[in-house]
Amino acid sequence: MHVTICNHEYCVLGAGPAGLQMGYFLSRSQRDYIILERNAGPGSFFQIYPRHRKLISINKIYTGRRNKEFNLRHDWNSLLSDRPSLLFQRISRELYPNADDFPRYLSTFVKELGLKVKYGADIGTIKASDFNGNQGYILTDQNGVSYQCSVLLVSTGLWVPQQVDFLGSDLVEGYESIPTDPEEFKDQAVLILGKGNSAFETAQSILGRASRIHLYSPSPVRLAWQTHYVGDLRAINNELLDTYQLKSLDGLVEGRLEDIAIGKEQLYLTLTELLDQNGNNISKITGQNLPGFHTDNFSLRQPYDRVIRCLGFRFNFSIFDGSARPPQSSGARGRLPGITAWYEGRGTPNMFVLGTAAHSRDYRMSAGGFVHGFRYTVRAVHKILEQRYHNIAWPATKLPISQLQSWILRRVNEASGPYQMFGVLGDIILLRGSYCEYLEEFPLQALPQLSALSGRPLTDQGLLVLVMQYGLNRTDTLGPGRAESEWTKAWRSNFLHPVLYYYNTLPTEKDMRQRPVGWPLPRPEALHHMVEDFLTEWDQPISHSQPLRRFLEHCLQTDLRAFYAESCFLLSLTSRTPPLFCRQGYLRKQGIVGNSHLWQHAREAGLMADHQRDITPGDDTSVSEYLKHAGAAVVSTMNFDL
């Protein structure tokens, strides 16, 4: 039997948004890669889900701004590319688009960028294999074709329905298969297991047809506008909260799913503790087995016509054999693979997990499980791949220290990556004395491995880390006093705001483990909160710029004030060490040119000898040219060493 083997440096498993985003970066870097997709087109998950076809990802087209980077803060569907027009708004102008639009957008993304996608390749097994002393992977599809790759990038998302086993669980309908025609629920009593967006989406679709709807799960409902986690219940799906609180037959109940049982003849909910010790046959549950027999006002004592399971999805571990299977995550009820801070599978070297499947790193903390978040974590992983396998260091911008404050202000006012992946991705500023290297959107939990992952060595000058984060103070998000406006109390900010951490040395793994609860990073040598801003515009001179400058001056032990050209001119003539701003700008011909007014002012102030009047330059002559004529007596007393 002939076995077909295809060899690639990179195999990307899944042509969803995360797989295509990585495909774009690999294509741009001209790497050998293939994207394997089991279905006939990209984004197949969105051809089915959400079942009622309304996305909850914001597509805010009109922001009043033309800054493309800023606008991505409010575009939760577009992928990153070098084509400004390749945005989701080409497909839909709706704030909450129809789900059918997303696969159409992904198809456009693939076609216009020429990504290498092989459709119809249903991978059934993944095994680890030794490639020249390094662990690689062999993927085999339904036709027996094998794909060998040095690096495996798993972007399959979550699509296996999450289930809970209890007596009568076989009588429950699944979210993945329920009818979407509301008329089929006319005058029916419906019990929904779950209180996430899929549960409320289902309830909302039948709200005007069902006689009563009850939602049952272990935890109370969590509202996104209270938790700041976009995976919690969104307002677009929460109409049932009205009918519950206004007592119109619908409601929410808490209880363990493992402790319930569903009767067969009529769909009564009961508790396993009320069944016989020997395990009652589910078809023979009697009145004495029902909670209402023991507590006559038990909330769910009436029977239901239908019980629907809406418990979300889990990662498909079944395609990995023992040599290649990542462990289950410790959080998220084990639904996700366990990965390192740099998104590599634990115990599976050279296998990286992307997209929603990588959400275990920031589950219920940030937006890594959603397109507007993981498009940036995918970009970060690509930079790690470039350093590890191709010795290309993490891109960095070299800045004079005098320009650091303005660069930070630009980033906090327009950068989308740290804004969406708050507390997870941050900007790293490596201090090098008179200049710094600015690295954008590094995974914060991987900070102890910064040098190895980025290829950027540290010096004894220390580093700054810029993070966007919410406050830790629990407050009524719609009540009085919910926001802080006084810059002297910026540390009390509750809403999203920039925070800077200064470290003399790189935090260690132990430091990361022992960091304060809720903090994205260990306690630093110095910490600065920029006060939250209602407009998310951190550009005001008193509330934002001046406190930031003073913090940077404290950390750098350097005067970072900006000066007018005339002041730089005077200070350069009267000080052995003019301010840094003047040294790095004005005296390197980056300031405003000199003019006769400046020279006249200097002579009248006694700063220049009268005999030099005959060499006063014209209005278009620079200061540096004048200093050449002024003679060594003036220049030699000035030390411009940085």
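1. Starting with a helix pair: helix 1 and helix 8 cross in a right-handed sense. Keep in mind as you read on that this is a predicted model. Helix 1 covers residues 17-28 and helix 8 covers residues 371-390, and the two pack at an angle of about 40 degrees with their axes 9 Å apart.

2. Who touches whom in that pair? On the helix 1 side you'll find P17, A18, Q21, M22, F25 and L26. Helix 8 answers with V371, F374, R375, V378, R379, V381, H382 and L385. Sorted by class, the contact comes out at 10 nonpolar, 2 polar and 2 charged residues. The charged class takes in Arg, and R375 and R379 sit on the helix 8 side.

3. Next, have a look at strand 10, residues 212-217. Is this strand enclosed or open to the outside? Since 6 of its 6 residues are buried, strand 10 is largely enclosed by the rest of the structure. Burial here means a relative accessible area under 20%. Neither face is left uncovered: R212, H214 and Y216 are buried on one side, and I213, L215 and S217 are buried on the other. Note that R212 and H214 are part of that buried set, in case you want to look at their surroundings in the viewer.

4. Strand 10 has a partner in strand 9 (residues 189-193): the two run parallel and are joined by 5 bridges. If you want one pair to find by eye, take L191, whose bridge partner in strand 10 is H214. To get from strand 9 to strand 10 the chain passes through helix 4 (residues 197-205), and this β-α-β crossover is right-handed.

5. Strand 11 (residues 251-254) also pairs with strand 10, again parallel, through 4 bridges. Which residue of strand 11 is the bridge partner of H214? That would be G251. H214 is thus a handy place to centre the view, with L191 of strand 9 as a bridge partner and G251 of strand 11 as another.

6. Now for something at the surface. P541 belongs to helix 13, which runs over residues 541-556. With a relative accessible area of 54%, P541 is exposed, the cut-off for that being over 50%. Setting aside neighbours within four places in sequence, P541 is in contact with Q546 and P547.

7. Finally, the overall numbers. The protein has 18 helices and 22 strands, and 53% of its 642 residues count as buried. Take the contacts between residues at least 6 apart in sequence: 64% of them join residues at least 24 apart.

Methods:
Residues are numbered from 1 along each chain as its sequence is written. This is a predicted model: local features need pLDDT of at least 70, side-chain atom pairs count only at pLDDT 80 or more; totals for chains, interfaces and linings use all residues. Side-chain values use heavy atoms; hydrogens and water are left out. Buried means under 20% relative accessible area, exposed over 50%, partly exposed in between (1.4 Å probe, protein chains only). Two strands pair if DSSP finds at least two bridges between them. A crossover is right-handed if, with the strands pointing away from the viewer, the path from the first strand over the helix to the second runs clockwise. Axes are lines fitted to C-alpha atoms, for helices over the stretch in contact, and angles run from 0 to 180 degrees between N-to-C directions. A crossing is left-handed if the near helix is turned anticlockwise from the far one by less than a right angle, and right-handed if clockwise. Contact means heavy atoms within 4.5 Å.
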